[in-house]
Amino acid sequence: MPAPFSTAASLYDRVRRVIPPIEWPAFTDDIEAILALKRERNAVILAHNYQTPEIFHCVADIVGDSLALARKAMTVDADVMVLAGVHFMAETAKLLNPGKTVLIPDLGAGCSLADSITPSDVRLMRQRYPGVPVVTYVNTSAAVKAESDICCTSGNALAIVESLGAPRVIMLPDEYLAKNIAAQTKVEIIAWKGHCEVHERFSPADIGELRAAHPGVTVLAHPECPPEVVAAADFAGSTAAMSDYVARHRPARVVLMTECSMSDNVAVEHPDVDFVRPCNLCPHMKRITLANIRTALEQNSHVVTIDPHVAERARRAVERMLAV
Ligand code: SF4
């Protein structure tokens with residue numbers, strides 16, 4: 001996190017491993033402006049692990065996965081929060097921080113998983129499977145969360161499913177996360193057909209090629225990847241779990257089967273680890289830039305609002321998860 005009186009020049013040391021010197025001058029004007037605007041507006045920037053390093057390491061105050069962002073944001077004294085991530089994350093931040101102004105720099109920053117399901121789809125699933133509890137991944141809109149019994153993240157999904165004490169559970173919307181959890185529990189999991197367009201593109205053949213090209217490489221996969229990819233990896237876990245794995249095990253060479261910027265951001269913290277980077281970009285995450293973060297703070301755009309009735313029910317599903 002930048003110290004309160006950091007300057008762009010003093011921040012370059014953090015990112016010199018992943019941003020070439022020739023590219024750096026293109027960022028400095030926006031970084032200086034954003035640091036000043038944050039002080040003026042008592043604002044904080046929440047950046048997801050998939051944001052580019054000049055955002056993640058140079059202007060963000062809070063970093064992590066979507067839930068960690070919203071939870072950590074509950075502990076800071078700020079009037080304004082800018083969510084450097086996608087729209088459902090901004091909604092989750094607003095749900096948990098209803099009294100604060102939450103801004104998203106680009107309203108078009110969506111998500112293929114969140115877009116794969118609507119509130120009426122959830123209601124239809126309930127009609128089809130009466131009495132079966134609905135567990136919804138946090139990568140969904142507030143309106144879908146509002147139709148759910150409880151939320152989960154990729155890190156706590158197994159614990160949430162087993163906490164319900166039910167023989168069958170509907171798990172929405174990520175088919176692969178549901179299947180990866182089904183492989184670890186006796187609870188019958190009824191899945192939906194949603195996929196993350198970044199993680200669904202990885203294949204076991206990719207891992208075979210990486211292992212052949214980089215003998216001894218440790219392969220970490222996100223549980224939004226297809227089950228065959230998770231089976232072929234050395235470890236599967238959320239972005240936070242992958243980051244912890246690298247910190248704890250310090251593999252000589254590692255590959256993260258997830259969005260590209262995650263490798264850059266973890267690499268900055270671990271100069272002794274060699275990162276192999278197969279690159280799958282999330283086009284939604286990449287809509288967020290220093291330039292539109294600056295505009296968001298200058299113009300107070302775009303303010304995230306949630307219908308109060310929807311917010312109350314969605315918050316209940318998130319809070320039930322937090323209580324497990
Ligand atoms: S990486 Fe996948 S799950 Fe995350 S925002 Fe992009 S499309 Fe959605």
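Why is strand β7 (residues 168–172) largely enclosed by the rest of the structure? Four of its five residues are buried, so the remainder of the structure surrounds most of this strand. Here, buried means under 20% relative accessible area, exposed means over 50%, and partly exposed lies in between (1.4 Å probe, protein chains only).

Before going on, a word about the model. It is predicted, so local features need pLDDT of at least 70 and side-chain atom pairs count only at pLDDT 80 or more, while totals for chains, interfaces and linings use all residues. Residues are numbered from 1 along each chain as its sequence is written, and side-chain values use heavy atoms, with hydrogens and water left out.

**Strands and their partners**

Helices (H or I, at least four residues) and strands (E, at least two) are DSSP runs, numbered from the N terminus. Two strands pair if DSSP finds at least two bridges between them. Strand β7 has parallel partners in β5 (residues 134–137) and in β8. Its residue M171 is the bridge partner of V135 and also stands opposite A191 in β8.

Elsewhere, an open sheet of four strands follows the order β10-β9-β11-β12, with parallel pairing. At its edges stand β10 (235–236) and β12 (274–276), each with a single partner strand, so one side of each has no neighbour in the sheet. Within this sheet, A221 stands opposite A236 in β10.

| Strand pair | Bridges | Sense |
|---|---|---|
| β5 and β7 | three bridges | parallel |
| β7 and β8 | four bridges | parallel |
| β9 (residues 218–221) and β10 | two bridges | parallel |

Two helices can be placed against the sheet. Contact means heavy atoms within 4.5 Å; axes are lines fitted to C-alpha atoms, for helices over the stretch in contact, and angles run from 0 to 180 degrees between N-to-C directions. Helix α10 (residues 204–213) lies across β9, β11 (253–257) and β12, at about 165° to β11. Helix α12 (residues 239–249) touches β9, β10, β11 and β12, and its direction makes about 160° with that of β9.

**The interior**

A nonpolar core is a set of buried Ala, Val, Leu, Ile, Met, Phe, Trp, Tyr and Cys residues joined through side-chain atoms within 4.5 Å. The largest one has 97 residues, and M171 is among those with the most contacts inside it, as is W24. Leaving aside neighbours within four places in sequence, W24 is in contact with A8, Y12, V15, I19, I31 and C58. A second, separate core of 13 residues includes A221 and V276.

Helix α5 (residues 87–96) is also largely enclosed, because nine of its 10 residues are buried. Its cover includes β1 (43–48), α4 (66–73) and α15 (308–323).

**The ligand and two loop residues**

Around the ligand are 12 residues' worth of names to look for, including Y50, C111, C196, E224, C282 and H284. The surrounding shell has eight nonpolar, three polar and one charged residues. A residue is near the ligand if one of its heavy atoms lies within 4 Å of it; Ala, Val, Leu, Ile, Met, Phe, Trp, Tyr, Cys and Pro count as nonpolar, Asp, Glu, Lys and Arg as charged, and the others, Gly among them, as polar.

H199 lies in the loop between β8 (188–191) and α10, and is buried, with a relative accessible area of 0%. Not counting residues up to four places away in sequence, H199 touches residues including Y50 and E224. S301 sits in the loop between α14 (290–299) and α15 and counts as buried at 14% relative accessibility.
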